[in-house]
Amino acid sequence: MSADLKVFISHSSKDIPLVGKVVNLVRAAFNLSSTEIRCTSLDGYRLSAGSIADDQLRREVLDVPAFVAVISQASLRSTYVLFELGARWGAQKHLVPLLGPDIEAAELPQPLSIINALRCDSRPQLLQFITDLAGCLRLSPDPPAVYDSPLHEILELVAPPISLLRPEDGHKVQHRPRVEGRVRDAQS
């Protein structure tokens, strides 16, 4: 393990959009460098070229101070995520489950279900995530204003679409705001 590795983020590669934003939140909250975070599917946070992946992952999963598991339906189907979780759990080391928008705590299998999980679609729980992570890292996070933008990006990504229940044509319509086009000769 790299001597300065502080956070390991276990995840499914199918959850990269969310995982990337979680990495940005952690970096902003604690002013960490890319070498202090392991996220194997995200460029800039991958294992070093030439490393023996299984050996390095085994060491890092056990040795890193903060282990965060981004839990989704996809991650619960990932053999590597389940092995990482099992190794951490078996070593009786602290782990922080962070639930994606497609899963509820009640859906977590044993023994994961007995570990308190936080939701990534809840601002108060993301703030608690940073506070709890500070305890694992023995670091003080920057003030929330510093990491509000990455926190907001997570909430925007995982927000459910707005459903119009009675549109004019009688069909249920999902809406996500989207603006396209160009402005010519715009005036203030």
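## Strands 3 and 4

Let's start inside the sheet of this predicted model. Strand 3 and strand 4 (residues 96–99) run parallel and are joined by 4 bridges. One place to look is Ile-71, which stands opposite Leu-99 in strand 4.

Two helices can be placed against this sheet. Helix 2 packs on it and touches strand 1, strand 2 and strand 3; the direction of helix 2 makes about 115° with that of strand 1. Helix 3 also packs on the sheet, where it touches strand 1 and strand 3, and its direction makes about 140° with that of strand 3.

## The whole sheet

Now step back to see how the strands are arranged. The sheet is open and has 5 strands, in the order 2-1-3-4-5, with parallel pairing. Strand 2 and strand 5 (118–119) are the edge strands, each pairing on one side only.

## Strand 1 and its neighbours

Strand 1 is a good landmark for finding your way around. It is covered on both faces: Val-7 and Ile-9 are buried on one side, and Phe-8 and Ser-10 are buried on the other. Strand 1 runs parallel to strand 2 (residues 37–38), with 2 bridges between them, and it also runs parallel to strand 3, with 4 bridges joining that pair.

Val-7 is a handy residue to follow here. Its bridge partner in strand 2 is Ile-37, while in strand 3 Val-7 stands opposite Ala-66. To get from strand 1 to strand 2, the chain passes through helix 1 (residues 16–30). This β-α-β crossover is right-handed.

## A closer look at helix 3

Helix 3 covers residues 79–90. Does its length agree or disagree with what its residue count suggests? At 1.5 Å a residue, its 12 residues should span 16 Å, and the end C-alpha atoms are 16 Å apart, so the two agree.

Which residues of helix 3 are buried? They are Val-81, Glu-84, Leu-85 and Arg-88. Viewed down the helix axis, the buried residues of helix 3 fall within an arc of 95°, which means that they line one face of the helix. Their cover includes strand 1 (7–10), helix 2 (53–63) and strand 3 (66–71).

Turn to the face of helix 3 that points away from the buried side, and you will find the exposed residues Phe-83 and Gly-90. Just after helix 3 comes Gln-92, which takes a positive phi of about 55°.

Conventions: Residues are numbered from 1 along each chain as its sequence is written. This is a predicted model: local features need pLDDT of at least 70, side-chain atom pairs count only at pLDDT 80 or more; totals for chains, interfaces and linings use all residues. Side-chain values use heavy atoms; hydrogens and water are left out. The expected span of a helix is 1.5 Å times one less than its number of residues. Buried means under 20% relative accessible area, exposed over 50%, partly exposed in between (1.4 Å probe, protein chains only). The arc is that of the directions from the helix axis to the C-beta atoms. Contact means heavy atoms within 4.5 Å. Two strands pair if DSSP finds at least two bridges between them. A crossover is right-handed if, with the strands pointing away from the viewer, the path from the first strand over the helix to the second runs clockwise. Axes are lines fitted to C-alpha atoms, for helices over the stretch in contact, and angles run from 0 to 180 degrees between N-to-C directions.
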